[in-house]
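Please look over the sequence and the 3D structure shown here before reading the report that goes with them.

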Amino acid sequence: MFARYQKELNIVKVKLKAINFYLEEDKDYKATFGNGTIWKIDVIGKWYDEYCYITIRNESFDESKTGKTGFPLWILMKIFGVNPAANRTIDDKLNFLIEYKDKIFDEKFQYKKIYEEIEESIKNKKE
């Protein structure tokens with residue numbers, strides 16, 4: 001990742017090592033971490049703002065539903081009843097990920113169903 005994201009990237013490397021995720025790919029605006037399974041954690045630098053956001057993806061999921069970037073961490077925080085606005089630092093976000101790792105990386109977790117429910121509620125609000 002670009003130099004302006006190196007501080008965050010170094011924090012992510014250390015924190016994710018605790019749950020056996022290691023850097024697999026490092027591009028200008030995106031770093032991908034994996035644990036040797038179908039799970040990936042992407043740290044994406046915003047090109048117009050200087051902050052990083054985190055997404056979780058499962059390579060076996062249908063990308064038409066979860067998108068190529070997977071689930072943003074802030075959505076997972078909401079699903080688990082954690083206020084994403086109160087967790088502003090990269091440390092806070094990674095602490096959430098570490099605390100909820102067993103639930104987040106559970107094959108039985110209903111990502112597709114939850115995503116469809118979110119899509120439906122957004123659609124209903126627009127109508």
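The report below goes from the overall fold to a helix pair, the salt bridges and three single residues.

This is a predicted model, in which local features need pLDDT of at least 70 and side-chain atom pairs count only at pLDDT 80 or more, while totals for chains, interfaces and linings use all residues. Residues are numbered from 1 along each chain as its sequence is written, and side-chain values use heavy atoms, with hydrogens and water left out.

**Overall fold**

The protein chain holds six helices and five strands, where helices (H or I, at least four residues) and strands (E, at least two) are DSSP runs numbered from the N terminus. Along the sequence these elements follow the pattern α-β-β-β-β-α-β-α-α-α-α. Of the 127 residues of the protein chain, 38% count as buried; buried means under 20% relative accessible area, exposed over 50%, and partly exposed in between, with a 1.4 Å probe and protein chains only. Among the contacts in the protein chain with a separation of 6 or more, 42% are accounted for by residues 24 or more positions apart, a contact being heavy atoms within 4.5 Å.

**Helices H1 and H4**

Two packed helices are described by the angle between their axes and the distance between the axes. For helix H1 (residues 6-17) and helix H4 (residues 90-99), the axes come within 10 Å and cross at roughly 20 degrees. The axes are lines fitted to C-alpha atoms, for helices over the stretch in contact, and the angles run from 0 to 180 degrees between N-to-C directions. The crossing angle makes H1 roughly parallel to H4, given that angles under 35 degrees count as roughly parallel, over 145 as roughly antiparallel, 65 to 115 as roughly perpendicular and the rest as oblique. On the H1 side the contact is made by Ile-11, Val-12, Lys-15 and Leu-16, and on the H4 side by Ile-90, Asp-91, Leu-94, Asn-95, Leu-97 and Ile-98. The residues of this contact divide into seven nonpolar, one polar and two charged, where Ala, Val, Leu, Ile, Met, Phe, Trp, Tyr, Cys and Pro count as nonpolar, Asp, Glu, Lys and Arg as charged, and the others, Gly among them, as polar.

**Salt bridges**

A salt bridge is taken as a side-chain nitrogen of Lys or Arg within 4 Å of a carboxyl oxygen of Asp or Glu, and by this rule the count comes to six. The table gives some of them.

| Salt bridge | Closest N to O |
|---|---|
| Asp-42 with Lys-30 | 3.9 Å |
| Arg-57 with Asp-42 | 2.5 Å |
| Asp-102 with Lys-101 | 3.4 Å |

Lys-30, Asp-42 and Arg-57 are linked in a network of salt bridges. Asp-42 lies in strand E3 (residues 39-45) and Lys-30 in strand E2 (residues 30-34), so this pair ties together parts that are twelve residues apart in sequence. Asp-42 counts as buried because its relative accessibility is 0%, whereas Lys-30, at 28%, counts as partly exposed. The pair of Arg-57, in strand E4 (residues 52-58), and Asp-42, in strand E3, links distant parts of the chain, 15 residues apart. Arg-57 counts as buried at 16% relative accessibility. Outside this network, Asp-102 counts as exposed at 60% relative accessibility, and Lys-101 is partly exposed with a relative accessible area of 28%.

**Three single residues**

Thr-32 lies in strand E2 and is buried, with a relative accessible area of 5%. Leaving aside neighbours within four places in sequence, Thr-32 is in contact with Tyr-22, Leu-23, Glu-24, Glu-25, Lys-40, Ile-41, Asp-42 and Arg-57.

Phe-96 has its place in helix H4 and is buried, with a relative accessible area of 3%. Apart from neighbours within four places in sequence, Phe-96 is in contact with Leu-73, Leu-76, Met-77, Phe-80, Val-82 and Ile-104. The C-alpha atoms of Phe-96 and Leu-76, which are 20 residues apart along the chain, are separated by 9.5 Å.

Asn-20 is found in the loop between H1 and strand E1 (22-26) and is partly exposed, with a relative accessible area of 49%. Although Asn-20 is not a glycine, its phi is positive, at about 65 degrees. Most residues other than glycine have a negative phi.
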